[in-house]
Amino acid sequence: MGEKPPENPLRRWFGQVFGKRGKHGQGVVLVKALGERDRKRMLRHFLALDRDDRLLRFGSILGDEQVTAYVGKIDFARDIVFGVIDRKFQLAGVGHLAFTSKEAHPDSVYYTDKEKVAEFGVSVARSARGQGVGTRLFERAAIHCRNSEVDTLYMQCLSSNRTMMHIAKKAGMEIQRDYGEADAHLHLPPPSPASVLTEALDEQFAKIDYTVKANLRGARRWLMPKR
């Protein structure tokens, strides 16, 4: 096989923004890094997941108190959380990228000589499925790992989670199945000027989109106050 052509993030971005729309009529899926001010919005997103969706996301069925405790313990200084904001200024999808020592995955000694590896979990609101939200969240997490010089990304899910299995296979992850669970890992290349620029553009476009939607939401509240 020949070597892949060099990445061109500017061409990719202009193609997405000004090109054809997706099969459901949606535009480009913008992924933004979330922070402390988004914690309440994240909680609403996770609490809205039904019983089956919580099982697929967390590997077990968590009650509201457990979900609230999970969101409350997220350390934005240590982990990275990505989100996709919909037109209603709610989270259509959330991806949690957690960094841990490679000792947490004993088999990682076969894949990396780095001190840290990453683990990724994702959830997508029912209304936003089939629009590529989960895939884009994964792609953003992968490129952030790459630019942070973390070369091994793990994703654990139930084997019955067809969406996550599809994302894993599409990304070329090596998948191991054991007792109904699937443990997938992806080895990432080192960072490049193009990968750094791609992530910067992703975040900048998402911030602009976030600001526009926030201003529109504020304008609607001012023009149409609740009675």
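Biologist: Why does V212 count as partly exposed or buried or exposed?

Modeller: The relative accessibility of V212 is 44%. Buried means under 20% relative accessible area, exposed means over 50%, and partly exposed is in between (1.4 Å probe, protein chains only). The 44% of V212 falls in between, so V212 counts as partly exposed.

Biologist: What kind of model is this, and which rules apply?

Modeller: This is a predicted model, in which local features need pLDDT of at least 70, side-chain atom pairs count only at pLDDT 80 or more, and totals for chains, interfaces and linings use all residues. Residues are numbered from 1 along each chain as its sequence is written, and side-chain values use heavy atoms, with hydrogens and water left out.

Biologist: How many helices and strands are there, and what makes a run count as one?

Modeller: The protein has 7 helices and 7 strands. Both are DSSP runs, numbered from the N terminus: a helix is H or I with at least four residues, a strand is E with at least two. Along the sequence the pattern reads α-β-α-α-α-β-β-β-α-β-α-β-β-α. V212 lies in helix α7.

Biologist: What makes V212 part of a surface patch?

Modeller: Patches take residues with over 30% relative accessible area and no salt bridge; nonpolar side chains (Val, Leu, Ile, Met, Phe, Trp, Tyr) are joined within 5 Å, like charges within 9 Å. V212, at 44%, passes the accessibility cut-off. I208, V212 and L216 together form a nonpolar patch. Their accessible area is about 260 Å². Such areas come from the Shrake-Rupley method with a 1.4 Å probe; for residues, only the protein chains shown count as cover.

Biologist: Now E203. Where does it lie, and is it buried or exposed?

Modeller: E203 is in helix α7, which spans residues 193–223. Its relative accessible area is 14%, under the cut-off for buried, so E203 is buried.

Biologist: What does E203 contact beyond its neighbours within four places in sequence?

Modeller: E203 contacts V31, K32, A33 and R140. Contact means heavy atoms within 4.5 Å.

Biologist: How do you know that E203 and R140 make a polar contact?

Modeller: Their side chains come to 2.8 Å. A polar contact is a pair of N or O atoms within 3.5 Å; within protein, one must be able to donate a hydrogen and the other to accept it, and residues adjacent in sequence count only if both atoms are side-chain atoms. The 2.8 Å is within that limit, so it fits the distance rule. A polar atom of the E203 side chain also lies 3.1 Å from the backbone nitrogen of A33.

Biologist: What makes E203 and R140 a salt bridge too?

Modeller: Side chains of opposite charge can pair when their charged atoms come close. A salt bridge is a side-chain nitrogen of Lys or Arg within 4 Å of a carboxyl oxygen of Asp or Glu. E203 and R140 meet at 2.8 Å, N to O, so they form one. The pair links distant parts of the chain: E203 is in α7, R140 is in helix α5, and they are 63 residues apart. At 3% relative accessibility, R140 counts as buried.

Biologist: How many salt bridges are there by this rule?

Modeller: The count comes to 11. One of them joins the side chains of D53 and R126, at 3.1 Å, N to O. D53 lies in helix α3 (residues 51–58), and R126 in the loop between β4 and α5, 73 residues apart.

Biologist: Which of the two partners is buried, and which is exposed?

Modeller: D53 has 11%, under the buried cut-off, so D53 is buried. R126 has 53%, over the exposed cut-off, so R126 is exposed. D50, D53, R126 and R129 are linked in a network of salt bridges.

Biologist: What makes β4 pair with its partner strands?

Modeller: Two strands pair if DSSP finds at least two bridges between them. Strand β3 (residues 91–101) and β4 have 9 bridges, antiparallel. There, L97 is the bridge partner of F120 in β4. β4 and strand β5 (residues 152–158) have 2, parallel. That count reaches the limit, so they pair. Strand β4 (residues 116–124) is mostly covered, with 7 of its 9 residues buried.

Biologist: Last, what is the phi of F89, and why is F89 called buried or exposed?

Modeller: F89 has a positive phi of about 65°, although it is not a glycine. F89 lies in the loop between β2 (80–85) and β3. At 5% relative accessibility, F89 is under the cut-off, so it counts as buried.
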